[in-house]
Amino acid sequence: MQQIFALCVSGMGPTQIEKWLKKSKILNPTFYWLSRGMKVGNKPKPGVNPYKWTNETFSCMLEKIEYLGHTVNFKTCKQSYKSKTKLWNDPSEWVIFENTQPPIVEESVFLIVQNIRRSRRRPTKMGDMGIFSGLLYCAECGGKMYQYRATNFTEEQKYFICSTYRKGKDLCTTHSIKNVVLHEIVLQNLREAIEYVTQYEAEFIQEAADSRLRERDAEFSGKRETLSKAESRITELDNLFKHLYEDNVTRK
């Protein structure tokens, strides 16, 4: 599991990770549990490759909050106690109990992976992924900027171009920026940030502390809301169990 997260952080996409798992002969979850003598819901058919993974399988694994050491309740529900069909609740209705077991994945790594997946970064046809891939947007139309290059391009010739303009020249103007220019802009901003921290270290520390305090206040507020929802849910379940008990007694 840690290796899958590491591969995602390194820039590999779902298809590349799937190929790596198969090549490395990593058992998929079904065959892994079978190898440990555990029961599985649907037994695989004879001849199925035990090292074949699907994008959906490890994509879901990359989003599991449980790997941070948390317990998540109320992910699913049923329309009634008679129904066998499970319905997925909206994530806002989940109740999360933090740090109930040792984490499998570090929180910093988990958050990086979620950011990568949200930005939908894609490897180029040449198999690599630029550090700015999925992060640039056109200042005029707001469309994504895509990497444009060719096999005979030098590093100085590669550039990003507005995706809207590529779809139709009448939709936006030809906004583009070379990779080398973009790198220089980012480096200049980093130099300025480092210079500011060096000159105004005390102010920077205070500003960072204030920012962290605001984040903690927001986090605390979110946890109070989660607790309130959990308490409401418990009350609902208590009432449900009470009605079920009364119904059973009445039938008798």
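# Questions about a predicted model

Reader: Why is Arg233 called partly exposed?

Author: In this predicted model, Arg233 has a relative accessibility of 28%; a residue is called buried under 20% and exposed over 50%, so Arg233, which lies in between, counts as partly exposed.

Reader: What makes the meeting of Arg233 and Glu236 a salt bridge?

Author: The side chains of Arg233 and Glu236 meet at 3.4 Å, N to O, and because the rule asks for a side-chain nitrogen of Lys or Arg within 4 Å of a carboxyl oxygen of Asp or Glu, the pair qualifies as a salt bridge. Both residues lie in helix α8, three residues apart, which is about one turn of the helix. An α-helix has 3.6 residues a turn, so residues three or four places apart point the same way. Glu236 has a relative accessibility of 47% and is, like its partner, counted as partly exposed.

Reader: How many salt bridges does this rule give?

Author: The count comes to seven salt bridges. One of them joins Lys223 to Glu98, at 3.3 Å from N to O, and this pair links distant parts of the chain, with Lys223 in helix α8 (residues 201-251), Glu98 in the loop between β4 (95-97) and α5 (107-119), and the two positions 125 residues apart. Another forms between Arg191 and Glu184, whose closest N and O atoms are 3.4 Å apart. Lys64, Glu66 and Lys75 are linked in a network of salt bridges.

Reader: How do you know that Lys223 is partly exposed rather than buried?

Author: The relative accessible area of Lys223 is 39%, and since buried means under 20% while exposed means over 50%, Lys223 is classed as partly exposed. Its partner Glu98, at 40%, falls in the partly exposed class as well. The values for the other pair are 43% for Arg191 and 42% for Glu184, and each of these residues is partly exposed.

Reader: Which residues are the closest to the centre of the largest pocket?

Author: The largest pocket holds about 600 Å³ of space, and of the 18 residues that line this pocket, the closest to its centre are Leu68, His70, Glu98, Glu107 and Leu111. Two elements, α5 and α8, give two or more residues to the lining, and α5 gives the most, with six residues.

Reader: Why is Asn28 called buried?

Author: Asn28 has a relative accessible area of 10%, and because buried means under 20%, the residue is placed in the buried class. Asn28 lies in the loop between α2 (14-23) and α3 (29-35). Leaving aside its neighbours within four places in sequence, Asn28 is in contact with Asn49, Pro50, Lys52 and Trp53. A polar atom of the Asn28 side chain lies 3.0 Å from the backbone oxygen of Lys52.

Reader: Is Thr164 buried or exposed, and what value decides this?

Author: Thr164 is buried, because its relative accessible area is 19% and the class takes values under 20%. Thr164 is found in helix α6 (residues 163-167), and beyond its neighbours within four places in sequence the residue is in contact with Cys141, Gly143, Leu171 and Cys172.

Reader: Which residues of helix α1 are buried?

Author: In helix α1 (residues 2-9), the buried residues are Ile4, Phe5, Leu7 and Cys8. Seen down the axis of α1, these residues fall within an arc of 160°, so they line one face of the helix.

Reader: What makes the phi of Phe74 worth a remark, when Phe74 is not a glycine?

Author: Most residues other than glycine have a negative phi, and most peptide bonds are trans. Phe74, however, has a positive phi of about 60°; its place is in the loop between β1 (71-73) and β2 (76-77), and at 23% relative accessibility Phe74 counts as partly exposed. Asn99, which is not a glycine either, has a positive phi of about 55°, and its place is in the loop between β4 and α5. With a relative accessibility of 61%, set against a limit of over 50%, Asn99 counts as exposed.

Technical notes:
Residues numbered from 1 in each chain as written. Predicted model: local features only at pLDDT ≥ 70, side-chain atom pairs only at ≥ 80, totals over all residues. Heavy atoms only, no water. Helix = DSSP H or I, 4+ residues; strand = E, 2+ residues; numbered from the N terminus. Buried < 20%, exposed > 50% of the residue type's maximum accessible area, 1.4 Å probe, protein only. Polar contact = N/O pair within 3.5 Å; in protein donor to acceptor, adjacent residues only side chain to side chain. Contact = heavy atoms within 4.5 Å. Arc of directions from axis to C-beta. 1 Å grid on protein atoms, 1.4 Å probe; cavity = no way out; pocket = protein on both sides within 12 Å on 5 of 7 lines; lining within 4 Å. Points joined across faces, edges and corners; volume = space filled by probe spheres on them.
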